[in-house]
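I opened this notebook page to follow charged side chains first and nonpolar surface second. My entries below record what I looked up, in the order in which I looked.

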Amino acid sequence: MPKINMRKTSSIIIPAIIGLITFLIIYGINPLKVSNVNWILLGYDESDIIQHYSGWLAYRNSEWAFPLGLANDMAVGDGTYITYTDSIPLVAILLKVFRSFLPAAFQYFGLYTLLCFILQSIAAFKIVYLKTQNYIYSSIATILFTFAPVLVERAFRHTALGSQWLILFALYLYLEYRDKKSIKTWVCFLLLEILSIGIHPYFLPLVAVFEFLCLVEDIKLRKWISIIYIVVIQAVTFLFGFIIGALANDVSPSRWGYGYFSMNLNAPINPYSIGAYEWSKLFTTHSQTLGNYDGFSYLGAGILAFMIVDLSLLIYTGEIKLLLKMIKDHALLIVMCVLLTLFAITNVITLDDQILYELKLPEKITGICAIFRASSRMFYPVYYLIFVSLIVVLWRITSNGKKYTAFIILALIVALQIYDISGCISQKHKYMNDSFSVSTLLDDPVLTSIASQNSYLLADDFQENYIPITAWAYTNHMKTYFSIGSGNFEESRSASDEILNRVKTTGDIGDNVIITTNFELAQQYDEYENIAVYATGNWYYIYNVCH
């Protein structure tokens, strides 16, 4: 019987426990209950989480098709790829295999986010241990990564983007490769790229950055075979993306938004995000402009204090040369950080609520950049490298017989970081508990009756606030003629227009339900004897009363 390597086992178990405890502190157990969808249907921070859940429901109800991620029950006639509803395709595809055994209301976003916290913790532990070879220090440092504001802010709001462990594992592979130059690293990069395209394509360039750095390391040593590895990795990733529909050729990868969803220059020190959370007990929020809200990158009071502590210790101990050596050893990595930061800021440079400068770019360049239109997310690797650098510098300064000093300083930094965002933690925990008992559209008996007698949902004047209604429709196995994801839907729009025109001229609504927020429009439909209008909230449901 093979012996268990306790050192390797504990390097997984300890951080896994840290990730689990962090998740429970912030969110509690309610989001882990797969049948609890109330917190989703209430919108969390915005309607995006409902879009993710609705995409899963539509996909789950749809027949199997190719590409595997095609949901035909959404945008009937064209279908929607669940990559474009951010429903974490890899998880959705695996769960669809077992759809017959799943309850009508079933969400996997709670369990997936817990997994993200655990993997974030394991990856962070591995990085710090690689550089310090100390379990206690690595364990304390790991807490900073699980309570990282940028992770907590993305989790559940954009669930797939909570998969920041992909970046940390890519960073770990790069740091390890500099020492070992193992071919296994390239196999791991292939796995990370496949996971990235199967979770959220935004992670592809963030993982590829570290692949490129490994490639440069090899070329320095004249190991040109690594170019072949890179080409094979991209080819396999592309093939996998095609199979699941993440790289559908009928959906343009370039969309509007580059320069709008940018990172404000104040982002690292600005505790402001959508949802009006109290992100800091110590720092005040700054105003922003355009779509800067998507560029939330607040470092936290603990990390900001960490910068001052490290700099003070470097000066006090006369170890500035240590910092200079680290900069020299990682010069290319620093250059990549600068480039990623510039891409995140974009050609529209903003500070507070002002546009400082706008550089006009050729249309072709803008089109390429718009593939990753929410450019502020490109700052994530830089964000975490700041964490890693501060942690490593402190250890190296105090490594000469002063490791307990490092433990104490780091523990105080962690305590300050958690205290700073404690208001936000309390708010998120309270939301998850309070939402559990709140009624939603799924609890309305009239809507349940309407859904049971009809098969299709149309929107006469589609708006984003119709997204919650799609969750009701798909839960009740209805299909929609509109999509809540990206794509070209000519066939679906044509069929929808034909039905709407028929209803308006003849009153023949069939087994369709029409949704609108326009009172006058609802009244026009209500003039037909066979048509009824049910009003709830800001919505009007128009359906066949003769069913």
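Entry 1. I began with Arg-157 and Asp-294, whose side chains form a salt bridge with an N to O distance of 3.4 Å. I then placed both residues in the fold of this predicted model: Arg-157 sits in the loop between helix 7 (149-154) and helix 8 (165-180), while Asp-294 sits in the loop between helix 11 (225-244) and helix 12 (301-317), so the pair ties together parts that are 137 residues apart in sequence.

Entry 2. Are the two partners buried or exposed? I looked up Arg-157 and found a relative accessibility of 2%, which counts as buried, and I found Asp-294 buried as well, at a relative accessible area of 4%.

Entry 3. I next asked which residue forms a salt bridge with Glu-153. The partner is again Arg-157, and the closest N and O atoms of this pair are 2.5 Å apart. Glu-153 has a relative accessible area of 1%, and because the limit for buried is under 20%, I noted Glu-153 as buried.

Entry 4. Having met Arg-157 in both pairs, I checked how far the linkage goes, and I found a network of salt bridges that links Glu-153, Arg-154, Arg-157, Asp-294 and Arg-377. For the structure as a whole I noted 14 salt bridges.

Entry 5. For another setting I turned to Lys-360 and Glu-358, a salt bridge whose closest N and O atoms are 3.5 Å apart. Here Lys-360 is exposed, with a relative accessible area of 68%, whereas Glu-358 counts as partly exposed at 40%.

Entry 6. I then left the charges and asked which residues make the nonpolar surface patch of about 870 Å². Its members are Leu-311, Ile-315, Ile-320, Leu-324, Ile-327, Ile-334, Val-335, Val-338, Leu-339 and Leu-342. Helix 12, helix 13 (320-329) and helix 14 (331-345) each supply at least two residues of this patch, and helix 14 gives the most, with 5 residues.

Entry 7. As a last check I picked Leu-339, one of the patch residues, and located this leucine in helix 14. Its relative accessible area is 48%, and because exposed requires over 50%, I recorded Leu-339 as partly exposed.

Notes: Residues are numbered from 1 along each chain as its sequence is written. This is a predicted model: local features need pLDDT of at least 70, side-chain atom pairs count only at pLDDT 80 or more; totals for chains, interfaces and linings use all residues. Side-chain values use heavy atoms; hydrogens and water are left out. A salt bridge is a side-chain nitrogen of Lys or Arg within 4 Å of a carboxyl oxygen of Asp or Glu. Buried means under 20% relative accessible area, exposed over 50%, partly exposed in between (1.4 Å probe, protein chains only). Helices (H or I, at least four residues) and strands (E, at least two) are DSSP runs, numbered from the N terminus. Patches are made of residues with over 30% relative accessible area and no salt bridge: like charges are joined within 9 Å, nonpolar side chains (Val, Leu, Ile, Met, Phe, Trp, Tyr) within 5 Å. Accessible areas come from the Shrake-Rupley method with a 1.4 Å probe; for residues, only the protein chains shown count as cover.
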